[in-house]
Structure formats: structure tokens, C-alpha cells
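Work through the exercises below with the model open. Each one has a task and a stepwise solution.

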Amino acid sequence: MGAKEGFIQFKRETPVTRDAKARIGDYKEIYEPFSGEKLNNQAARCMDCGVPFCHNGCPLGNVIPDFNDAVYKNEWEQAIKILRSTNNFPEFTGRICPAPCEASCVLGINKDPVAIELIEKNIAEKAYELGLIKANPPKTRTGKSVAVVGSGPAGLAAADQLNQAGHEVTIFEKDSKPGGLLRFGIPDFKLEKWVIDRRIEFMKQEGVIFSCDTEIGFNIKAENILKNFDAVVLSTGAGQPRGLNIKGAEAKGVHFAMEFLGQQNKVVSGEIKENPISAKGKHVIVIGGGDTGSDCIGTSNRHGAASITQLELLPKPPQQRNTLNPWPEWPMTLRTSSSHEEGAERVFSILTKEFIVNDEGQVTGLSLVDLEWVHKDGRMVFEEIAGTERTVPCDLAFLAIGYTGPAQNGLLAAFGAETMENTLPKSKNYQSTNSKVFLAGDMRRGQSLVVWAISEGREAAVKVDEYLMGESNLPQKDESFFQVEEEILD
């Protein structure tokens, strides 16, 4: 695959980012164009490794060495054909996936891994440029109808697959436009929304029906959907944010991250004039060290925050892998995002104790204490370090500490889907306790990655197709995967 000695001849190279001071003045994607010979050289680095662990690292099972080879040979039609055989939306994952495939790249044992995510994005964009991605409606229809509730990556993938199988598919979305957190969560500087609109337009041309501003239990009943459709796929995500159980957490100025990020995306798209939550001139505290917290940093910088501090309960990760975290495991190393580069203080091993609130109910500060992580009874626990208690200014706080599961809004119960103690729905091979209702994405497995959501949507579509037709010709993972997955969820 690639050039015989490409991994020796060429070093890993990725796109240059626009100047940090300049890019915080807009919400455009931060990377400069990267294509032509440079991209060809990156594809050439994919070596004939014998056992491509990148396949295992990718939740979609993308055939990575094959499309790398096609890019190296400038065979774009072949490249997009290979990529689309496993991934419905490479233009999404090529922009926002953390690339677990790269963490499993054999070259990554002692060199920088192949820039797989970059290559994936450029295959998709080149395919659009050359007209290789076209609307391809199914030649025949089965007469079966499927309702997909939720239009995030899992719902879109399920709908796309089921439509290609010949079923009549309608997507019900409570928001004004489809996309879920792709549209109303991930900032435009990571994923501009024309990328979503472009794909949605193709899906419409292929026959998928989108019913937006439609919320189950408000302007349509679950019982009507169950009556009028042959099968239902629920894919509304893990929408129940994890709260912070400390004094003052209900104060004005303390918000869940998505309250802030979703509104900002609506500002950028022109749906609303201004974000009701403004970080301009404020001391911002972001609680949570993951991607969502990073997105809050990038957006707060664009608002013109006076200061931004990100707090993380866990210790600071190492710069490189240690012996307890060998290849091809996901590297538990320190990651610095483009938003961090734009300006923020990062504090690790820190515990939030109490929000300080004034007489008007507005947060003004946050009490903190440093932590020491120690081994005790075979596990790591934290202990507060005496004398490190302090209060820092805080005019605005964002909670970005994950999700506990599906939104507790009665949706699952309305469709007859029972839940487990952890609030995740009971499922077997993507089928809920109501045999007509299937589950996909974060709603089924808990919060995860966009690439996992697409994988979930694809696999759920196979099970729906089998339920409707007795068998399915849709591509799917090996059956042993489902057995392991169900054991994990149970």
C-alpha cells in the first residue's frame, strides 16, 4: 500500500491553521487548504503492514489501507467508493473524529501515524468537486415504511441505509433543522453547517423525508407513529447532561455547555440575533476537560471573554504513552486543541467545592481545592490537599462533564421501550423491548463519538431491514461483534 518506502521518505504533515488571533474573529473552519502533492505524500506513508490494526481502531471498520492506496495513485473514484462502502458521512468524520484509527496505525509504534482523518476528509471533498457523489435513489421500493426519531449522525446513518434498502423513510426532528449535535452542538469553527446541508440535500433527492420542528409528545404522538409506520428507530442521543451537585450550582450564570453552544450555532446560522448567554468581558470557568469543554473555550474566546479557565478533576495526562498504555490502545496522553491554543488556563487535579453567589442570585466566584491522587485498596482515589482552598473569580460557568443517558422526557416509555437501572434502554441486537422499535447511537450505548453513532445507525438499519424483510443485504459487521457489544451493555 502506498509507496514502498513512503513512511521513510515522508514525514507526517497536517494542514496549517489560521492565525489564532485572526480566527477568533469569526466562526469559519480554522484550517488552510491541504491537497495535491502534499496529500499524495501523506497517503504514500501508509505501508504494507500485513495486519492493518487501523481497521480495528475504526468503529466503522473503514478499509483504510485500500483508500490510502487509491489516493496515492490519484484514483479518486475508487477512493470514494471504498470509503463510502463503510462510512455514510466521511465529510463529517474527516473533520471532527478524534481518529482512533490513527492511534492504532502500525506506523505509530515508533513514528508518527498516517494522517488518516485528513485523507478521509480530502477524499470526500475531492469526490464532491469531481461530481463523484451523486443522488442515488433506490431503483425499487419495498412498500415498507420506517420512522427515524432524531436526526443526529446515528439517525441520519440509519435513514440513509434504510432508504437505500428501498424502504420509505421519514426522519422526525424536534429542532428547526436536521443534524442533531452536529448542527446544534459542535461549533462552526470545527464543522461549518453547509457541510451538513450539502449531505441533507442529497438524502432528500434520494427520497428521505425530513419532518423538522416535530417533537414527539407535543405536535405528534408516539402512538400515531407506531400505528402509521412498520418500524421505528429511536436515535435522539444521550441528552441528559450530568449536573454538579455542589452549593450554588443553580445560580444565574451557571449553565450546561450545550445551552451555550447550541444557541451560538443558531446565531452563526442567522436563526437568532444574539446568544442569550454572553461571555464577553466575563471571567469564564469551564468545568470538564473534554472536547465539549474545549468547544466552550473556543466560543468564549470568540465572544471576547476576560479570562477562561478550564478545570479537570483528573491528573494532568503525560505527553507520551507510558508502559501501562501501549500501542494499539487509545493513548491516554495530553491533548491540546485548537481552542486551547487560542487562549485558556488549564488546571488539573482540582475539585470544585462551591459557587459563590451574590444577593441577586448571580454567580461571582468558585471555591476550589487542589487534589492529590493516591493508590488505595488497589485503585486510584483523590485526597484534598490541606491549605490549597481558594476562591477564584467566576462570572460565567459551563458544565461540560458528560451525559448520564437519554433525556428523561418520557420518549422511551411512550414507545414501549423499557430501560435499565442506568437509564439506558434495554436492547438486544439494537431491538428494544418493543419488537417494532429499534435503538441507535448515544441513546442506546451512552455518550460516545460521532463515528460510533454512524456505526450504530448502520448496524441498527441492518436489524430493521431483517425485521421487515426477513433478511438484509445491507453491509454489516461480523455477528460476533454484536454478541460482545450486548455483553458490554448488559
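**Exercise 1: the second largest pocket**

Task: find the volume of the second largest pocket, then describe its lining.

Solution. Step 1: the second largest pocket holds about 450 Å³ of space. Step 2: 19 residues line this pocket, and Arg84, Leu132, Ile133, Lys134 and Asn136 are the closest to its centre. Step 3: at least two lining residues come from each of α6 (76–84), α10 (153–164) and α12 (194–205). α6 gives the most, with four residues. Step 4: sort by class, which yields six nonpolar, five polar and eight charged residues.

Terms: on a 1 Å grid over the protein atoms alone, a pocket is an open set of points with protein on both sides within 12 Å along at least five of seven lines, a cavity is a set where a 1.4 Å probe fits but cannot get out, and lining residues have an atom within 4 Å of a point. Points are joined across faces, edges and corners; volume is the space filled by probe spheres set on them. Helices (H or I, at least four residues) and strands (E, at least two) are DSSP runs, numbered from the N terminus. Nonpolar means Ala, Val, Leu, Ile, Met, Phe, Trp, Tyr, Cys and Pro; charged means Asp, Glu, Lys and Arg; the others, Gly among them, are polar.

The model is predicted: local features need pLDDT of at least 70, side-chain atom pairs count only at pLDDT 80 or more, and totals for chains, interfaces and linings use all residues. Residues are numbered from 1 along each chain as its sequence is written, and side-chain values use heavy atoms, without hydrogens and water.

**Exercise 2: confidence**

Task: which stretch has pLDDT below 50?

Solution. Step 1: the chain's mean pLDDT (the predictor's confidence in each residue, from 0 to 100) is 95, and 97% of residues reach 70 or more. Step 2: the stretch is residues 480–490, with 20 contacts in the model beyond near neighbours in sequence. A contact is heavy atoms within 4.5 Å.

**Exercise 3: cavities**

Task: how many cavities of 30 Å³ or more are there? Describe the largest and the second largest.

Solution. Step 1: the search finds three. Step 2: the largest holds about 90 Å³. Among its 14 lining residues, Cys46, Cys49, Cys105, Val106 and Val114 lie nearest the centre. Its lining has twelve nonpolar, one polar and one charged residues. Step 3: the second largest has about 70 Å³. Its lining includes Cys58, Cys97, Cys101 and Val451. α9 gives the largest share, three residues.
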